[in-house]
Amino acid sequence: GMAVLLTTSNAEAKEIAFPSARVEEELAAPVAAYMKRFFLDVHPEVATGRKRTDLLGTRRGPFGGTTVIVELKNTVDDLARGMDQVSTYAAYAHEVWVACTPALAAACLDSHTRGVAVLGWDPWWLKKKLAAVGCGLLLVERGEVVRIQGPRQNSVDRRNRDEVRVALASR
């Protein structure tokens, strides 16, 4: 309760209020379970182009099916890199998502606030940045996954669909 928060350091209090994922693997299980609720077959670490996705979900369908990529992030630098990776992944997946903890999203906003020419706290900056690159956002805390914003729907050309199919078949 509150007594615990009053007797701990700021760092400890933040960890109690907003637990962070120590490693991406702590995000993988709840996100994979979330993806399966949408009838996706989930595959970890799949090669797409020159990159490897953290989680790739596929679902067969009457019009060619759906491919979804979710990148799991647990540091501010990793999240920044993930936003750059989205453009590559968009060529291979109908939907691209980033998943992180609320603590990491808050740390990312805090880090942005300290940037050059940033006038102040912008609580919408992360959502705007992800939307600009067509990426959805999932927050993961204590094993629960919450959809914050959806991604852009991408078209995937046959060559890239076939590349993903070959990568999955060769496992």
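This briefing describes the sheet, the helices, the cysteines and selected residues of the structure above. The model is a predicted one. Its six strands form an open sheet in the order β1-β2-β3-β4-β5-β6, and the pairing is mixed. Helices α4 and α5 each pack on that sheet, α4 touching β1, β2, β3 and β4, and α5 touching β4 and β5. The structure contains zero disulfides.

**The sheet**

- Strands of a sheet pair through backbone hydrogen bonds, in either a parallel or an antiparallel arrangement.
- In the present sheet of six strands, both kinds of arrangement are covered by the term mixed pairing.
- The edges are formed by β1 (41–48) and β6 (144–149); each has a single partner strand, so one side of each is left without a neighbour in the sheet.
- On average, neighbouring strands of this sheet are turned by 30° against each other, direction ignored.

**The β1–β2 hairpin**

- Strands β1 and β2 pair in the antiparallel sense, over seven bridges.
- Two residues separate β1 and β2 in this hairpin, and G49 in the turn has a positive phi of about 65°.
- Along the pair, D41 stands opposite T58 in β2, and V46 has T53 as its bridge partner in β2.
- E45 also belongs to strand β1. Its phi is near 50°, a positive value in a residue other than glycine.
- With a relative accessible area of 38%, E45 is partly exposed because this value falls between the limits of 20% and 50%.

**T53 in strand β2**

- T53 lies in β2, which spans residues 51–59.
- The relative accessibility of T53 is 0%, so T53 counts as buried.
- Beyond its neighbours within four places in sequence, T53 is in contact with P44, E45, V46, T48, I69, E71 and Y89.
- Among these contacts is V46, the residue of the bridge pair already named for T53.

**Helices packed on the sheet**

- Helix α4 comprises residues 76–90, and its direction makes about 55° with that of β2. The strands that α4 touches include β3 (66–72) and β4 (95–100).
- Helix α5 comprises residues 102–113, and its direction makes about 125° with that of β5 (136–141).
- The axes of α4 and α5 come within 9 Å and cross at roughly 85°. The two helices are therefore roughly perpendicular to each other.
- The contact is made by V76, L79 and M83 on the α4 side, and by L104, A107, C108 and S111 on the α5 side.
- By class, this contact of α4 with α5 has six nonpolar residues, one polar residue and no charged residues.

**A32 in helix α3**

- A32 is located in helix α3, residues 25–36.
- A32 is buried, its relative accessible area being 13%.
- Not counting residues up to four places away in sequence, A32 touches V42 and L55.
- A32 and V70 are 38 residues apart in sequence, while their C-alpha atoms are 9.1 Å apart in space.

**Cysteines**

- The sulfur of C100 has its closest cysteine sulfur in C108, at 7.7 Å, which is too far for a bond because a disulfide requires sulfur atoms within 2.5 Å.
- C135 is likewise in no disulfide; its nearest cysteine sulfur, that of C100, is 9.9 Å away.
- C100 is buried, with a relative accessible area of 0%.
- C135 counts as buried as well, at 0% relative accessibility.
- C108 is also one of the α5 residues that make the contact with α4.

**R142 in the β5–β6 loop**

- R142 is placed in the loop between β5 and β6.
- Although R142 is not a glycine, its phi is positive, at about 50°.
- R142 is exposed, with a relative accessible area of 61%.

Methods. Residues numbered from 1 in each chain as written. Predicted model: local features only at pLDDT ≥ 70, side-chain atom pairs only at ≥ 80, totals over all residues. Heavy atoms only, no water. Helix = DSSP H or I, 4+ residues; strand = E, 2+ residues; numbered from the N terminus. Buried < 20%, exposed > 50% of the residue type's maximum accessible area, 1.4 Å probe, protein only. Contact = heavy atoms within 4.5 Å. Pairing = 2+ DSSP bridges. Axes fitted to C-alpha atoms, helices over the stretch in contact; angles between N-to-C directions. Parallel < 35°, antiparallel > 145°, perpendicular 65-115°, else oblique. Nonpolar A, V, L, I, M, F, W, Y, C, P; charged D, E, K, R; others polar.
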